[in-house]
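Student: I should like to examine this entry by asking what justifies each structural term. May we begin once the sequence and the model are in view?

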There are 2 protein chains.
Amino acid sequence: MPNGDEGQGATIYEVAQRAGVSIATVSRALRGTGPVAARTRERVLKAVEELSFTPSRLGVSLAQGRHAANGIVFPDLSGPYFAEVLLGYEEVASELGRSVLILSTRGRAAVQDLVRDLVGRVDGMVIFGRTVEDAVVAEIVRTGMPLVMLARDPVDGVDVVSSENVESAEALAAHLLGHGYTTFALAGADDQGDVTQRWTGVRRVLTGHGIRSPEPLPCEFTVEGGYAAGRTLLGGGSRPEAVICADDQVALGVILAAEELGLDVPGDVAITGWDDIMTARHARPALTTVRQPMRLLGARAAWALDELITGARTAPSCQILSTQLIVRSSCGPHPLEEK
Amino acid sequence: MPNGDEGQGATIYEVAQRAGVSIATVSRALRGTGPVAARTRERVLKAVEELSFTPSRLGVSLAQGRHAANGIVFPDLSGPYFAEVLLGYEEVASELGRSVLILSTRGRAAVQDLVRDLVGRVDGMVIFGRTVEDAVVAEIVRTGMPLVMLARDPVDGVDVVSSENVESAEALAAHLLGHGYTTFALAGADDQGDVTQRWTGVRRVLTGHGIRSPEPLPCEFTVEGGYAAGRTLLGGGSRPEAVICADDQVALGVILAAEELGLDVPGDVAITGWDDIMTARHARPALTTVRQPMRLLGARAAWALDELITGARTAPSCQILSTQLIVRSSCGPHPLEEK
DNA sequence: TTGTAGGCGTTATCAA
DNA sequence: TTGATAACGCCTACAA
């Protein structure tokens with residue numbers, strides 16, 4: 001097809017000229033937004049075909065005042081948790097006709113600027129808890145940008161989608177108490193995020209049983225971070241009977257540290273995770289954890305955001321998705337209290 | 001700050017008016033693209049501040065004729081492989097001042113349309129092998145859109161970034177032969193993708209040793225897919241001594257199937273994976289696999305794409321990243337041939 | 001049923 | 001050093 005017309009870059013004007021009509025007619029014919037005579041439409045479509053015309057997204061967006069795109073901000077994509085949530089988000093957003101822009105804040109210096117740039121590219125966005133400073137979030141809200149926050153404490157006037165954390169943490173703690181453990185350590189910490197909620201639940205149960213609530217040991221939410229935490233928690237003199245970890249990756253790291261210290265899991269120390277990532281099931285020992293619906297989390301966020309963008313809903317909503325305690329072998333042989 | 005001005009939506013005209021200058025001057029002052037008197041600049045910046053003006057991304061893009069954004073198309077984000085690659089890609093793209101749009105083709109009907117839409121939003125894009133039909137790729141190339149393909153056979157005139165597959169597959173096969181295994185099965189198949197390259201390497205070594213090359217059994221590249229394949233391969237009468245899997249997730253599924261069939265891994269059957277995802281190390285038994293630099297793959301793609309976009313390079317390049325055989329326990333007790 | 005013309009928000013050229 | 005003004009590509013009242 002060696003004709004002079006480059007397939008790219010044809011504008012609506014060229015189409016109009018070729019079809020012998022005005023650009024308004026081309027637009028109408030293409031968008032079905034007004035009456036067009038059958039024969040005229042044919043001519044237009046033919047010209048469109050011949051020039052392989054695709055309306056410039058920029059032009060459309062500028063004229064319509066919308067991007068037909070959503071953003072999502074997360075701290076990191078390493079590890080399955082964020083990837084799964086993203087997958088659920090993209091799937092729904094795409095179904096709703098919106099492209100997805102991603103932004104990872106991991107190790108970024110000028111997060112603020114990056115987020116601002118993102119704001120200028122989308123009709124609405126999702127932000128994970130512990131990703132962007134409150135001040136920046138407030139700024140975004142002030143611009144009127146539809147916003148859904150994920151996995152964090154409620155925020156005034158903002159949509160939030162979270163997994164249930166407190167009650168499942170209580171269930172987890174209760175289960176461990178059923179094993180007879182009396183000394184605990186907590187690995188990982190965040191601020192106003194989902195992990196904080198988990199510790200709230202754990203501590204409530206522990207103190208309810210007269211057990212001193214331990215301070216969580218901060219660490220990165222990675223296997224490496226867990227490993228470092230594990231060395232600290234298990235290498236010292238007063239080793240806890242059980243280590244409750246902020247998530248599965250941390251738990252895997254703690255197990256690694258335990259092995260290296262010559263400790264048996266769960267014989268010498270019980271270890272639990274959170275999320276139920278794929279590895280949790282295949283790990284040795286298999287991880288006792290709390291399963292949260294990662295993909296659904298993303299999907300729900302996408303739907304909520306859509307409601308906000310279309311104006312189908314204006315009042316902020318707060319969704320809490322239910323979770324499930326998954327007992328495997330890393331917390332020890334099954335106690336009698338078995339449910 | 002209860003003034004009437006909404007922080008959002010201020011245009012360059014309003015800034016200009018407030019500063020008592022023309023929009024051209026505002027633009028120059030902001031972009032440093034021409035001479036502006038110090039006092040004038042001050043006034044402009046003050047107005048910008050007061051109106052919290054941010055240039056409309058749409059306006060900028062339209063005027064500059066560029067999006068400052070890249071796309072990436074992948075089949076699925078479930079499992080660590082694509083997530084890791086994406087992470088590397090986003091990190092570099094973001095550093096280069098480009099936003100990242102993602103598109104998953106998983107289970108999508110109108111992939112073609114979605115990809116076309118993406119094309120209209122970016123300055124360049126990355127496409128994983130086995131994601132988009134060749135015809136569509138050709139169409140994209142024809143538009144002049146900078147394109148980098150990932151993890152697939154070379155394509156004429158298109159940048160490709162891949163991990164080394166053939167040689168490492170040969171090394172893997174040789175290692176298994178060193179164990180003394182003589183009957184094999186291959187789990188997973190694709191078309192012109194990286195898995196095909198792996199089978200090429202494996203078969204070359206096997207036939208070189210007079211061993212009949214098995215046909216790969218197609219399956220989804222997930223744990224579930226591997227499980228199904230495992231049931232088929234191991235449940236029948238003539239069980240192979242070793243199952244070489246297309247990737248780690250498939251291998252994990254095969255292990256699951258083996259366990260369920262009462263088979264010991266590696267006692268009754270050796271199993272190997274590919275990628276070296278986190279789970280490979282923690283699995284029981286730990287997975288013998290080939291490690292490929294997933295993040296680097298994404299990073300390299302982002303750099304290559306940048307060269308193409310900026311025009312720093314015009315000739316297509318083909319990068320092959322090196323991989324590493326990781327021997328763990330899933331292929332059996334270490335043979336004497338130990339390197 | 002179709003065409004004209006203004007608007008969306010920038011950038012950049014060319015005079016002044 | 002500054003200001004008009006023409007692109008950029010499209011949508012959409014409003015007129016005809």
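Tutor: The model is a predicted one. An open sheet of twelve strands has mixed pairing and runs in the order 10(A)-5(A)-4(A)-3(A)-1(A)-2(A)-2(B)-1(B)-3(B)-4(B)-5(B)-10(B).

Student: Why are strand 10 of chain A and strand 10 of chain B said to stand at the edges?

Tutor: Strand 10 (318-321) of chain A and strand 10 (318-321) of chain B each have a single partner strand, so one side of each is left without a neighbour in the sheet. From one strand to the next, the twist averages 20°.

Student: How do you know that strand 2 of chain A and strand 2 of chain B pair?

Tutor: Pairing requires at least two bridges. Strand 2 (residues 99-104) of chain A and strand 2 (residues 99-104) of chain B are joined over three bridges, in the antiparallel sense. Within this pairing, Leu101(A) stands opposite Leu101(B).

Student: Which strands does helix 6 of chain A touch as it packs on the sheet?

Tutor: Helix 6 (residues 111-119) of chain A touches strand 1 (69-74), strand 2 and strand 3 (124-128) of chain A, together with strand 2 of chain B. The direction of helix 6 makes about 175° with that of strand 2 of chain A. Helix 5 (residues 80-95) of chain B also packs on the sheet, touching strand 2 of chain A as well as strand 1 (69-74), strand 2, strand 3 (124-128) and strand 4 (147-150) of chain B. The direction of helix 5 makes about 170° with that of strand 1 of chain B.

Student: What makes the relation between the two copies a two-fold rotation axis?

Tutor: Chain B can be laid on chain A with an RMSD of 0.1 Å by a turn of 180° and a shift of 0.0 Å along the axis. The copies are thus related as by a two-fold rotation axis.

Student: How do you know that the copies meet through the same surface?

Tutor: Of the interface residues of chain B, 100% are also interface residues in chain A, so the copies do meet through the same surface.

Student: Let us turn to the DNA. What makes the approach of Thr25(A) to DNA strand C a polar contact?

Tutor: The cut-off for a pair of N or O atoms is 3.5 Å. A polar side-chain atom of Thr25(A) lies 2.8 Å from a phosphate oxygen of DNA strand C, which means that the pair qualifies. Arg31(B) also reaches a phosphate oxygen of this strand, with a side-chain N or O atom at 3.0 Å. By contrast, Arg28(A) places a polar side-chain atom 3.0 Å from a base nitrogen of DNA strand C. Helix 2 and helix 4 of chain A, together with helix 1 (12-19), helix 2 and helix 4 of chain B, give two or more residues to the surface near this strand.

Student: How many residues surround DNA strand C, and how do they divide by type?

Tutor: There are 27 residues around DNA strand C, and Thr25(A), Ala37(A), Thr40(A), Ile12(B) and Ser27(B) are the closest. Sugar and phosphate account for 60% of the atoms of DNA strand C within 4 Å of the protein. The surrounding residues divide into 17 nonpolar, eight polar and two charged.

Student: Which polar contacts does DNA strand D have?

Tutor: Among them, a side-chain N or O atom of Thr25(B) is 2.7 Å from a phosphate oxygen of DNA strand D. For Arg31(A), the corresponding side-chain distance is 3.1 Å. Ser22(B) instead uses a backbone N or O atom, 3.0 Å from a phosphate oxygen.

Student: What makes strand 6 and strand 8 of chain A edge strands in the sheet of three strands?

Tutor: That open sheet has the order 6-7-8 in chain A, with parallel pairing. Strand 6 (184-187) and strand 8 (270-272) each have a single partner strand, so one side of each lacks a neighbour in the sheet. Neighbouring strands are turned by 15° against each other on average, direction ignored. Strand 7 (residues 242-245) pairs with strand 8 over three bridges, and Ala242(A) has Ala270(A) as its bridge partner.

Student: Where is the cis peptide bond that leads to Pro266(A) placed?

Tutor: The bond from Val265(A) to Pro266(A) is cis, with omega near 10°, and Pro266(A) is in the loop between helix 11 (248-260) and strand 8 of chain A. The bond from Arg284(A) to Pro285(A) is also cis, with omega near -5°.

Definitions and conventions. Residues are numbered from 1 along each chain as its sequence is written. Chains are lettered from A and ligands numbered from 1 in the order in which they are written. This is a predicted model: local features need pLDDT of at least 70, side-chain atom pairs count only at pLDDT 80 or more; totals for chains, interfaces and linings use all residues. Side-chain values use heavy atoms; hydrogens and water are left out. A polar contact is a pair of N or O atoms within 3.5 Å; within protein, one must be able to donate a hydrogen and the other to accept it, and residues adjacent in sequence count only if both atoms are side-chain atoms. Helices (H or I, at least four residues) and strands (E, at least two) are DSSP runs, numbered from the N terminus. Axes are lines fitted to C-alpha atoms, for helices over the stretch in contact, and angles run from 0 to 180 degrees between N-to-C directions. Copies are superposed by least squares on the C-alpha atoms of residues with pLDDT of at least 70 in both. Contact means heavy atoms within 4.5 Å. A residue is near a molecule or strand if one of its heavy atoms lies within 4 Å of it. Ala, Val, Leu, Ile, Met, Phe, Trp, Tyr, Cys and Pro count as nonpolar, Asp, Glu, Lys and Arg as charged, and the others, Gly among them, as polar.
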